[in-house]
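Grab a pencil and open the viewer. Below are some short exercises, each followed by a worked solution you can check as you go.

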Amino acid sequence: MDTLANTRGSRTARAIPLNEFLQPESPMDMAAQPLRRFEPPPAPRFASMWARRAFILAGTTVLTSAGCYEMYRVLQVGGITVLESIILVLFVLLFAWIAFSFMSALAGFAVLLTRRKNELGIDPAAPLPAIHSRTAMLLPTYNEDPYRVLARLRAIYESVEETGHGAAFDWFVLSDTTDPAIWIAEEKCFLQLRRDVGSAAAIFYRHRPENIARKSGNIEEWVRRFGAAYECMLILDADSLMTGDTVVRLVAAMEEHPKVALVQTLPIIVNARSLFARWQQFAGRLYGPMLAAGIAWWHGSEGNYWGHNAIIRVRAFAQCAGLPELSGRKPFGGHILSHDFIEAAMMRRGGWAVHMAPTLRGSYEECPPSLSDFAARDRRWCQGNLQHLALLPARGFHWVSRLHLLTGIGSYLTAPLWLIFLTLGILVSLQAQFVRPEYFPKGYSLFPTWPAQDPILAAWVFVGTMGMLIAPKLLAFIVLLTDRDTRRKFGGGFRVLAGIVTETILSGLTAPVMMIFQSSAVAEILFGRDAGWQVQRRDDGVVSRRDTVNTYAVPTLFGLVMAISAYAVSLPLLLWMMPVILGLLLAIPMAILSSSVDPNQVPRLFRTPEQTAPPIVLARANELANAPHSLLSCPLHELHRHADLREAHLNNLPGQRPRKRGDVDPHLAIARAKIEDAESFDEAAGYLSRREKFAVLNAPSILAGLLALPDHRA
């Protein structure tokens, strides 16, 4: 902590008064970019990737062709019916998806085994480089727990300060919070943070009264107001953590490569408590680096953006990444939900490079605590990715950028395709069992048509498909065996192998449930149902039994119908489909088990290096987040009791916007009437609903009048 104290003293920025939440503005132009019109810039000179991409695409084509041929041999015995033709087409699409992922994993395996250097030359083992530019650290938040959010921010801040480069960074909490209690709690936590780190710390807070365009609009608003003062901005999420070492190396890479617009890190899952989160954490930590190394190897300068834990050149973002509002009705029209893919594609079409740094450690995030929470977040992502169907024809996108969009779309469309594939397979079997075959169809035929499939070949096709799904896990295990230190932190090779087997079984049991959830989400979206933007839960993941039964009743019922249908054909078919059926039938008990937080559950099986040797920034964030704090019961009472908080809140409200005659905020109008009708502050505060409190907190004159009321009725 001596280093931290010394670096604070070296900061040249002015001391910031406690009641000032923001610095002076540095405006920058940022306009929405057209999708149908685009004048391409001169072709940029980036490293050629044609050989790498040819390897991935050729390998995918060869594997898919082989799988298609074998599946055709399975079905062609006795001729292919209409249903079997549809099954063959679906199999080709789904097998191609698996083959494509397998080839990327194979590439990542080779990259990690050969210790190939990063395309940007980022070497985590090299001495920390010097940096000269100014970077903004942006933390957008929306109705999150402010104590945990600002604890993580402070941990990152301290880690950056300890590198000796703290003066090169400014920190912004960008709140879109709509819950009045959370909003005032954010301000209270922010004031406490400023007191703790000192007045020289360049940490700022901004609250938007309207969260237009959600997170993308939040970032764009900051760029328009403050972007001109910074070369780069590093985007965090509410659950993000990054080490100071990683942050400084990212800035140095941007300085060294002036044509790079974005560098995406690989966030590692930490702080998992429930069984579900723990096996997701284990899988992500073990398999993730290899898969990321593979896609980074062939993406090159046409990489992708995942919305957080990434550094972006502000000028490139402002010039190229202004998002238009899509025409039409929700869920396909309106503001773009999955903005990150589109922003990356737009910066690349503007002549900027987009890279990934998969081997740079020190980037962390958290995982939803239960399958229900994961599915809820996934529903929002599903809508955002399907919305990209309208953006595929946009002019000027690089073909790899379009492939990113297709990959995102396909990650959700494959679920209903698998469901249709399984359903048609059962229908074909039922047809063969209960519908009298037409041995001599109309027209001349010398020999009868025998409806049949080749069960031996079918078994081999199944084994080959499962092999391509499991092989990447074994390749990741081989890579781990070559790294003695990481293997030790995982708990040793045998423990990791046991974890792989257990994780594969657990993931296999939950995959059919996610297939049902994602298929339902796709259907709802295609029929026009908007998902909205729910706040993600980040607690222990415990769900009530009643909610669990309600949520998983449909998958269970579907599994029951599938089991009865398969058994009606034959016992072997039921056994053949048991992996899928069992996952559906066990949906409710698996949901209860996986959301549990028993510390003795599967002891040490899914241990990761970050648990064995927690990085300093993670330990510090958890220490700060777990410190005792008081919850806010009523934001108005909090402002009434604390003069410093009240003064800071009123000082930092935006000026009153001019309004047109007849343009009345109904919540504010009702709140004003209730306040005028009250005889005391307590009475007025008790009258107001949550939305009315939010409106009052945004209206300085009305809020000041409310706070001036006497405490009790005279």
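**Exercise 1.** In which helix is E638 found? Work out as well whether E638 is buried or exposed, and which residues E638 touches.

*Solution.* A word on the ground rules before we start. This is a predicted model, where local features need pLDDT of at least 70, side-chain atom pairs count only at pLDDT 80 or more, and totals for chains, interfaces and linings use all residues. Residues are numbered from 1 along each chain as its sequence is written, and side-chain values use heavy atoms, with hydrogens and water left out.

Step 1: find E638 in helix α22 (residues 635-641). Helices here are DSSP runs of H or I with at least four residues, strands are runs of E with at least two, and both are numbered from the N terminus.

Step 2: check its accessibility. E638 comes out at 4% relative accessibility, so E638 is buried. The cut-offs are under 20% relative accessible area for buried, over 50% for exposed and partly exposed in between, with a 1.4 Å probe and protein chains only.

Step 3: list the neighbours. Leaving out residues up to four places away in sequence, E638 touches I184, K188, L632 and L645. Contact means heavy atoms within 4.5 Å.

**Exercise 2.** Take the salt bridges of R225, D170 and D196, and find the partner of each.

*Solution.* Step 1: set the criterion. A salt bridge is a side-chain nitrogen of Lys or Arg within 4 Å of a carboxyl oxygen of Asp or Glu. Searching the whole structure turns up 29 salt bridges.

Step 2: start with R225, whose side chain meets that of E25 at 2.8 Å, N to O. This pair links distant parts of the chain, 200 residues apart: R225 is in helix α6 (residues 214-226), while E25 is in the loop between α1 (2-10) and α2 (50-75). R225 is partly exposed at 22%, and E25 is partly exposed at 44%.

Step 3: move to D170. Its partner is R134, with the closest N and O atoms 2.6 Å apart. D170 lies in strand β2 (residues 169-175) and R134 in the loop between α3 (82-113) and β1 (135-141), so the pair ties together parts 36 residues apart in sequence. D170 is buried at 3%, whereas R134 is partly exposed at 29%.

Step 4: finish with D196, which pairs with R154 at 3.1 Å between the closest N and O atoms. Because D196 sits in helix α5 (residues 180-197) and R154 in helix α4 (residues 146-162), the pair ties together parts 42 residues apart in sequence. D196 is partly exposed at 35%, but R154 is buried at 15%. Now widen the view: R154, E158, D196, R620 and E623 are linked in a network of salt bridges.

**Exercise 3.** How many residues of β1 are buried, and in what sense do β1 and β2 pair?

*Solution.* Step 1: count the covered residues. Seven of the seven residues in β1 are buried.

Step 2: sort them by direction. T135, M137, L139 and T141 point one way, A136, L138 and P140 the other, and all are buried.

Step 3: look across to β2. The two strands pair in the parallel sense over seven bridges; strands count as paired if DSSP finds at least two bridges between them. The bridge partner of T135 in β2 is F169.

**Exercise 4.** At what angle do α24 and α26 pack? Find out, too, which residues of α26 are buried.

*Solution.* Step 1: get the geometry. Helix α24 (residues 666-677) and helix α26 (residues 690-697) pack at about 90°, their axes 8 Å apart. Axes are lines fitted to C-alpha atoms, for helices over the stretch in contact, and angles run from 0 to 180 degrees between N-to-C directions.

Step 2: name the arrangement. That makes α24 roughly perpendicular to α26, a label for angles of 65 to 115 degrees.

Step 3: pick out the touching residues. H667, L668, I670, A671, K674 and I675 in α24 meet R691, E692, A695 and V696 in α26.

Step 4: check burial. Six of the eight residues in α26 are buried, namely E692, K693, F694, A695, V696 and L697.

How values were computed
Angles under 35 degrees count as roughly parallel, over 145 as roughly antiparallel, 65 to 115 as roughly perpendicular and the rest as oblique.
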